[in-house]
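Hi,

Here is the structure I said I'd pass on. Have a look at it first, and my notes follow underneath.

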Amino acid sequence: MDVESLICYNTPIEMYNINNIDIYVKREDLAGIPPFPPSAKVRGAYNLIRNLSDQGVESFGAYNTRVSIQSLTYASICYFLKKKLIIGFPYIKKEVPLSVQKSETLGSYLYHISNPRMSIGIAHLKKYLKEQNSYYLPLGVNCNEGVSAIKKEADTVPDDLFKGTVVLSVGSGVTLAGILQSISQRLFVQPRIIGITVGMSIKKIQNTINKYINLNTFNVELKEPIMPYTTPCEVEVPFNCNKHYDAKAWKYLNDNIELFKQPILFWNIGGNLG
C-alpha cells in the first residue's frame with residue numbers, strides 16, 4: 001500500500017456554534033488515515049523518515065510520553081517503509097500506553113524506561129539508540145520537515161479566517177511555528193493567537209518556535225496549562241479531539257468565547273485513538 005494514500009492533505013474546516021457564536025474548526029485530526037493515528041504530525045513525520053531513509057538510515061527510535069500518540073505516528077510510517085523502530089516510554093506501574101501497544105502490533109520494538117521524567121527518559125533512550133546504531137526521531141516532530149508540513153497545510157486556510165482569533169493546544173510549539181510561518185507571508189493578516197500549553201514549559205515552547213520564526217513579531221499569548229498533563233479533559237466536543245491536548249484548548253475556548261474577536265478558528269491538531 002502507498003503511504004501517501006494514508007495521509008490527508010487540505011483537511012476540512014468545519015463550522016460549529018457555541019452560544020450563537022460560530023467557531024471554525026480545522027480538522028487536522030483527519031490528517032492520518034488508519035492505521036495512521038488522527039494527528040497533523042503524520043505529514044512531517046513521513047517527510048522526515050523518507051528523507052533519512054534516502055540517506056541510508058534503516059533503524060530509528062522515538063520517545064513516547066504516557067499520554068502521547070506520537071509513537072504510533074512514527075510506527076505506522078516505519079511499518080510501511082519497512083524500517084526498524086525502537087520506542088522508549090516510561091514504564092510506570094507496568095502500564096503500556098495505548099499508542100505504544102498499537103505500535104508494537106506494527107512491529108515496533110519496546111524499550112522500557114523506569115524514570116518518569118521526560119528529559120531523563122529521552123537521555124536514556126538516546127544512549128541506547130546510539131548503541132543500536134539507530135537514529136533518534138525528535139519529540140513532536142520538532143524539525144524542519146515537521147514545521148514546513150504544518151506551514152504548507154496552513155497555507156490552504158483562507159486569509160479571512162486568520163483575521164480574528166486562533167485557538168489551539170501547544171505541546172512542543174511545532175504546529176504553532178508552522179502556522180506563524182504561513183501567517184508571516186500574508187498581507188494585512190495579524191490574528192490574536194491563544195495557545196493553551198500542555199506538557200512543556202512556556203520557555204521551552206518559545207525557544208522551539210524561535211528556531212523557526214521570530215515569535216515576537218506576532219500577537220501570540222501562551223497560557224499556562226489549565227490542568228495537569230496526564231489528566232484527560234472530559235469536556236464535550238462535537239468532533240474527535242484529543243483529551244490530553246486539544247480538548248483542553250477547546251474547554252478554554254468555551255469558557256472564554258465571548259472575549260475573542262471573530263472569526264474564531266480552532267486548530268484541532270489530533271484526536272483520540274479508537
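**Salt bridges**

R50 has a relative accessibility of 30%, so it counts as partly exposed. Keep in mind throughout that this is a predicted model. The partner of R50 in a salt bridge is E4, with 3.9 Å between the closest N and O atoms. That is just inside the 4 Å limit for a salt bridge. This pair links distant parts of the chain, since R50 sits in helix α1 (residues 42–54) and E4 in the segment before β1 (13–18), 46 residues apart. E4 also comes out as partly exposed, again at 30% relative accessibility.

Helix α1 has another one for you: R43 and E28 meet through their side chains in a salt bridge, 2.8 Å from N to O. R43 is in α1 and E28 is in the loop between β2 (21–27) and α1, so the pair ties together parts that are 15 residues apart in sequence. Are these two buried or exposed? R43 counts as buried because its relative accessibility is 1%, and E28 counts as buried at 0%. They also belong to something wider, a network of salt bridges that links K26, E28, R43 and E153.

Then there is D159 with R186, a salt bridge at 2.6 Å from N to O. D159 lies in the loop between α5 and β7, while R186 lies in the loop between α6 and β8, so parts 27 residues apart in sequence are tied together by this pair. D159 is partly exposed, at 33% relative accessible area, whereas R186 is buried at 13% relative accessibility. The count for the structure comes to 14 salt bridges, and I've only walked you through some of them here.

**Cores and helix α6**

The largest nonpolar core has 30 residues, and the members that touch the most others are F162, L176, L180 and W267. Which elements give two or more residues to this core? They are α5 (144–154), β7 (165–170), α6 (174–184), α7 (202–212), β9 (219–223) and β10 (264–268). Of these, α6 gives the most, with six residues.

W267 is a good place to centre your view. Leaving aside residues up to four places away in sequence, W267 touches K26, E28, A154, V157, F162, V167, L168, T175, I179 and D246. That list includes K26 and E28, which are also members of the salt-bridge network above.

Back to α6: 10 of its 11 residues are buried, so this helix is largely enclosed by the rest of the structure. The buried ones are V174, T175, L176, A177, G178, I179, L180, Q181, S182 and I183. What covers them includes α5, β7, β8 (192–197), α7, β9 and β10.

**The parallel sheet**

Four strands form an open sheet in the order β5-β4-β3-β6, with parallel pairing. β5 and β6 (135–136) are at the edges with a single partner strand each, so one side of each is left without a neighbour in the sheet.

Between β3 (residues 59–63) and β4 there are five bridges, and the two strands run parallel. S59 has K84 in β4 as its bridge partner, if you want a residue pair to set the register by. β4 (residues 84–90) is joined to β5 (residues 109–113) by five bridges as well, also parallel. There, P90 stands opposite I113 in β5. To get from β4 to β5 the chain passes through helix α3 (residues 98–105), and this β-α-β crossover is right-handed.

**Cysteines**

How many disulfides does a search of the whole structure find? Zero. C233 is in no disulfide, as the nearest cysteine sulfur belongs to C241 and is 8.2 Å away. C241 is in no disulfide either, its nearest cysteine sulfur being that of C233 at 8.2 Å. For a disulfide the two sulfurs would have to be within 2.5 Å. Both cysteines are out of the way of solvent by the accessibility numbers: C233 counts as buried at 3% relative accessibility, and C241 counts as buried at 3%.

Over to you, and shout if anything looks odd.

Conventions
Residues are numbered from 1 along each chain as its sequence is written. This is a predicted model: local features need pLDDT of at least 70, side-chain atom pairs count only at pLDDT 80 or more; totals for chains, interfaces and linings use all residues. Side-chain values use heavy atoms; hydrogens and water are left out. Buried means under 20% relative accessible area, exposed over 50%, partly exposed in between (1.4 Å probe, protein chains only). A nonpolar core is a set of buried Ala, Val, Leu, Ile, Met, Phe, Trp, Tyr and Cys residues joined through side-chain atoms within 4.5 Å. Contact means heavy atoms within 4.5 Å. Two strands pair if DSSP finds at least two bridges between them. A crossover is right-handed if, with the strands pointing away from the viewer, the path from the first strand over the helix to the second runs clockwise.
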